[in-house]
Amino acid sequence: MIYEMRTYALKPTRLADWLALYKSHALAVQQEHLGNLVGFFTTEFGTTSQVVHIWAYESLDDRAARRARMVADPRWAEFSVRNKELDALLELKSSILKPTDFSPLA
C-alpha cells in the first residue's frame, strides 16, 4: 500500500466555504473513484486554514488509474470550475507516503 497525503492551504476567510463546496460537489466523486479515504482533517494549531486528506492505494499505478477516471468524470469538472470560481485555494501539496514494515497501516 501507498498513501497520498494532500494538503491544501486556503484563504483564512474561505475555509468554511471551501469545505461546504467540497462536501457538496467533490467528496462523493472522490470516494467513488479514489476509494479508500483514510482521513480528512483541518488544522487547529500551527499553520491554520489547511485541509489535509489521506487516500490509500495499492500502488502508484493504481493511484494514476483511479485519478484518471476521476478527472474524466463530468462531476469532477463541475467541481473544478466551482473551485476556481470560489478562489479559496492558495497552495496544494501532495506527498506519497510508503509505510514502514512496522506501521499499523502497512
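# Exercises on a predicted protein model

The protein chain exposes about 6600 Å², and carbon and sulfur atoms supply 57% of that area. Keep in mind as you work that this is a predicted model. Each task below comes with a worked solution.

## Exercise 1: The overall build

**Task.** Find how many helices and strands the protein chain has, and decide whether it is as compact as a globular protein of its length.

**Solution.**

Step 1. Start by counting elements: there are four helices and four strands in the protein chain.

Step 2. Next, put them in order. Reading from the N terminus, the pattern is β-α-α-β-β-α-α-β.

Step 3. Now compare two values. The radius of gyration is 14 Å, close to the 13 Å that the globule rule gives for 106 residues, so the protein chain is as compact as a globular protein of that length.

Step 4. Add the dimensions: along its principal axes, the C-alpha trace spans about 40 × 35 × 20 Å.

Step 5. Finish with burial and contacts. Of the 106 residues, 36% count as buried. Take the contacts between residues at least 6 apart in sequence: 73% of them join residues at least 24 apart.

## Exercise 2: The two sides of helix α1

**Task.** Work out which residues of α1 are buried, and why they line one face of the helix.

**Solution.**

Step 1. List the buried residues of α1: Leu15, Trp18, Leu21 and Tyr22.

Step 2. Look down the axis of α1. The buried residues fall within an arc of 130°, so they line one face of the helix.

Step 3. Recall a general rule: an α-helix has 3.6 residues a turn, so residues three or four places apart point the same way.

Step 4. Check the other side of α1, where Ala16, Lys23 and Ser24 are exposed.

Step 5. Ask what the buried residues of α1 pack against. Their partners are β1 (2-10), α2 (27-34), β2, β3 and α4.

## Exercise 3: Helix α2 and what follows

**Task.** Repeat the analysis for α2: which residues are buried, and what covers them?

**Solution.**

Step 1. In α2, the buried residues are Val29, Gln30, His33 and Leu34.

Step 2. Seen down the axis of α2, these residues fall within an arc of 95°, so they too line one face of their helix.

Step 3. Ala28 and Glu32, on the other side of α2, are exposed.

Step 4. The cover over the buried residues of α2 includes α1, β2, β3, α3 (60-72) and α4.

Step 5. Look just past the helix: Gly35 follows α2, and its phi is positive, near 90°.

Step 6. Return to Leu34 and find Arg69, which lies in helix α3. The two residues are 35 residues apart along the chain, and their C-alpha atoms are separated by 8.8 Å. Arg69 is partly exposed, with a relative accessible area of 45%.

## Exercise 4: An aromatic pair

**Task.** Classify the pair formed by Tyr22 and Phe79, and decide whether each ring's residue is buried or exposed.

**Solution.**

Step 1. The structure holds five aromatic pairs. In the one formed by Tyr22 and Phe79, the centres are 6.3 Å apart and the angle between the planes is 85°.

Step 2. Apply the cut-off: planes over 60 degrees apart count as edge-to-face, and this pair is edge-to-face.

Step 3. Place the partners on the chain. Tyr22 is in helix α1 (residues 15-25) and Phe79 in helix α4 (residues 74-86), so the pair links parts of the chain 57 residues apart.

Step 4. Buried means under 20% relative accessible area. Tyr22, at 4%, counts as buried, and Phe79, at 3%, counts as buried.

Step 5. Widen the view: Tyr8, Trp18, Tyr22, Phe40, Trp76 and Phe79 form one aromatic cluster.

## Exercise 5: His53 and Thr43

**Task.** Describe where His53 is found and where Thr43 has its place, then name what each one touches.

**Solution.**

Step 1. His53 is found in strand β3. Its relative accessibility is 0%, so His53 counts as buried.

Step 2. The side chain of His53 makes a polar contact of 2.8 Å with the side chain of Trp55.

Step 3. Leaving out residues up to four places away in sequence, His53 touches Glu4, Met5, Arg6, Tyr8, Gln30, Leu37, Gly39 and Phe40.

Step 4. Thr43 sits in the loop between β2 (36-42) and β3 (50-57). The side chain of Thr43 reaches the backbone oxygen of Thr47 at 2.8 Å.

Step 5. Beyond its neighbours within four places in sequence, Thr43 is in contact with Thr48, Ser49 and Gln50.

Methods
Residues numbered from 1 in each chain as written. Predicted model: local features only at pLDDT ≥ 70, side-chain atom pairs only at ≥ 80, totals over all residues. Heavy atoms only, no water. Phe/Tyr/Trp six-rings, centres within 6.5 Å; stacked < 30°, edge-to-face > 60°. Helix = DSSP H or I, 4+ residues; strand = E, 2+ residues; numbered from the N terminus. Buried < 20%, exposed > 50% of the residue type's maximum accessible area, 1.4 Å probe, protein only. Polar contact = N/O pair within 3.5 Å; in protein donor to acceptor, adjacent residues only side chain to side chain. Contact = heavy atoms within 4.5 Å. Arc of directions from axis to C-beta. Rg over C-alpha atoms; globule rule 2.2 N^0.38 Å. Areas by Shrake-Rupley, 256 points an atom, 1.4 Å probe, with all protein chains shown as cover.
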